[in-house]
Amino acid sequence: MKKIAVSILSSLYDEETTIKKIDETDVDYIHVDVMDNTFVLGSTPKREHLQNSIKPLDVHLMVSRPFEYILEFASLNAKTISIHVELEDDLNALLDYIKFLKIDCGLAINPETPVEKLKPYLEKLDEVLIMLVTPGKGGQAMNEEAVSKIEELIEIREKRKLKFKIAVDGGVNDKTVSRVASADIIISGSYIAMSEEYQARIDTLREKAK
Ligand code: DX5
Ligand code: ZN
């Protein structure tokens, strides 16, 4: 079954209200964009808001030193924690650490980074997070070239009999969702959270992604 996640990066409401409104919907996950002002500019949603949510968290670490953030989010209701494949760190050690904490591990890949970079890690991944925009802010247009990574990864997954889920992040709305319908997890931010009608927009995405 395809899953939908709401990114809370850009919202019409304050963070607490946004999370409450998401809890009232049937969406599968809250997508949490974590920024450290180094890897990208921006800040992190507040722990006291996230810990009250009933939704599992799909955590996207856009930070240059993920280690310290992993434990922090593991203590919240994180289903998956993804780190960026572009980091110079020992990615195997970080992914193993996430798994050790009994959380699904993922790698996020920026639009300009080739799928080739993911190949050494695919066996141990639960999720590949394909970025369809440059990390940092909501409301950007979907990068059409990056969309082709979905099919590329589906092919590799079949060939190598792997199990990772494919998530897409950035520029997903009612007009673009059909382009990414073959992904397993569809993340949408401003299209849902910059509106007053969260559930109706989630329904539209589900319908159009069928
Ligand atoms: C981009 C973030 C995305 C973003 C999605 O830095 O990783 O999660 O918030 O927002 P929309 O759907 O508005 O592109
Ligand atoms: Zn994200």
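In this predicted model, Lys102 sits in the loop that leads from α4 to β5. Its phi lies near 65°, a positive value in a residue that is not glycine. Most residues other than glycine have a negative phi. Lys102 counts as exposed because its relative accessibility is 75%, the threshold for that class being over 50%. A second lysine can be described in like terms: Lys161, in the loop between α5 and β7 (165–169), also has a positive phi, of about 50°, without being a glycine. With a relative accessibility of 73%, Lys161 counts as exposed.

**The barrel**

The two elements that flank Lys102 also meet in the packing around the sheet. How are the strands of that sheet arranged? Eight strands form a closed barrel in the order β1-β2-β3-β4-β5-β6-β7-β8, with parallel pairing. On average, and with direction ignored, neighbouring strands of this sheet are turned by 25° against each other. Helix α4 (residues 91–100) packs on the sheet, where it touches β4 (78–84) and β5 (104–109), and its direction makes about 145° with that of β5.

Several of the strand pairings can be followed residue by residue, and the table lists four of them with one pair of facing residues for each.

| Strand pair | Sense | Bridges | Facing residues |
|---|---|---|---|
| β1 (residues 3–7) and β8 (residues 185–188) | parallel | four bridges | Val6 and Ser188 |
| β2 (residues 29–35) and β3 | parallel | six bridges | Met35 and Met62 |
| β3 and β4 | parallel | four bridges | Asp58 and Thr80 |
| β4 and β5 | parallel | five bridges | Ile81 and Cys105 |

**Strands β3 and β5**

Strand β3 (residues 57–62) is largely enclosed by the rest of the structure, because six of its six residues are buried. The cover extends to both faces of β3, with Leu57, Val59 and Leu61 buried on one side and Asp58, His60 and Met62 buried on the other.

Strand β5 is mostly covered as well, five of its six residues being buried. Ala108 belongs to this strand, and Ala108 counts as buried because its relative accessible area is 0%, where the class requires a value under 20%. Which residues does Ala108 contact, leaving aside its neighbours within four places in sequence? They are His60, Ser82, Ile83, His84, Val85, Glu86 and Leu129. Ala108 also lies 9.0 Å from Ala167, C-alpha to C-alpha, although the two residues are 59 residues apart in sequence.

**The zinc site**

His60, a contact of Ala108 and a buried residue of β3, is also a ligand of the metal. The zinc ion (ligand 2) is coordinated by His31 through NE2, Asp33 through OD, His60 through ND1 and Asp169 through OD, at 2.0 to 2.3 Å. Along the chain, the donors of the zinc ion (ligand 2) follow the spacing H-x1-D-x26-H-x108-D.

Why is the arrangement around the zinc ion (ligand 2) called octahedral? There are six donor atoms around this ion, and the angles they subtend, 70 to 168°, make the arrangement octahedral. The criterion behind that label asks that opposite donors be over 155 degrees apart and that all others lie between 65 and 115. The ideal angles for six octahedral donors are 90 or 180 degrees.

Two of the coordinating residues can also be placed by their accessibility: His31 counts as buried because its relative accessibility is 0%, and Asp33 counts as buried because its value is 5%.

**The nonpolar cores**

The largest nonpolar core holds 64 residues, of which Leu61, Phe73 and Val180 touch the most other members. Helix α5 (residues 144–159) gives the most to this core, contributing six residues. Leu61 has already appeared above as one of the buried residues of β3. Val180, for its part, touches Leu132, Met142, Val147, Ile150, Val168, Val172 and Ile186, when residues up to four places away in sequence are not counted.

Apart from this core lies another, made up of nine residues, among them Ala5, Tyr29, Leu129 and Ala167. Two of these names recall the surroundings of Ala108, since Leu129 is one of the residues in contact with Ala108 and Ala167 is the residue whose C-alpha lies 9.0 Å from that of Ala108.

Note on methods:
Residues are numbered from 1 along each chain as its sequence is written. Chains are lettered from A and ligands numbered from 1 in the order in which they are written. This is a predicted model: local features need pLDDT of at least 70, side-chain atom pairs count only at pLDDT 80 or more; totals for chains, interfaces and linings use all residues. Side-chain values use heavy atoms; hydrogens and water are left out. A nonpolar core is a set of buried Ala, Val, Leu, Ile, Met, Phe, Trp, Tyr and Cys residues joined through side-chain atoms within 4.5 Å. Buried means under 20% relative accessible area, exposed over 50%, partly exposed in between (1.4 Å probe, protein chains only). Helices (H or I, at least four residues) and strands (E, at least two) are DSSP runs, numbered from the N terminus. Contact means heavy atoms within 4.5 Å. Two strands pair if DSSP finds at least two bridges between them. Axes are lines fitted to C-alpha atoms, for helices over the stretch in contact, and angles run from 0 to 180 degrees between N-to-C directions. Donors are N, O and S atoms within 2.8 Å of the metal (3.2 Å for Na, K and Ca); water is not among the atoms, so sites may look incomplete. Four donors count as tetrahedral if all angles lie between 85 and 135 degrees; four count as square planar and six as octahedral if opposite donors are over 155 degrees apart and all others between 65 and 115; anything else is irregular.
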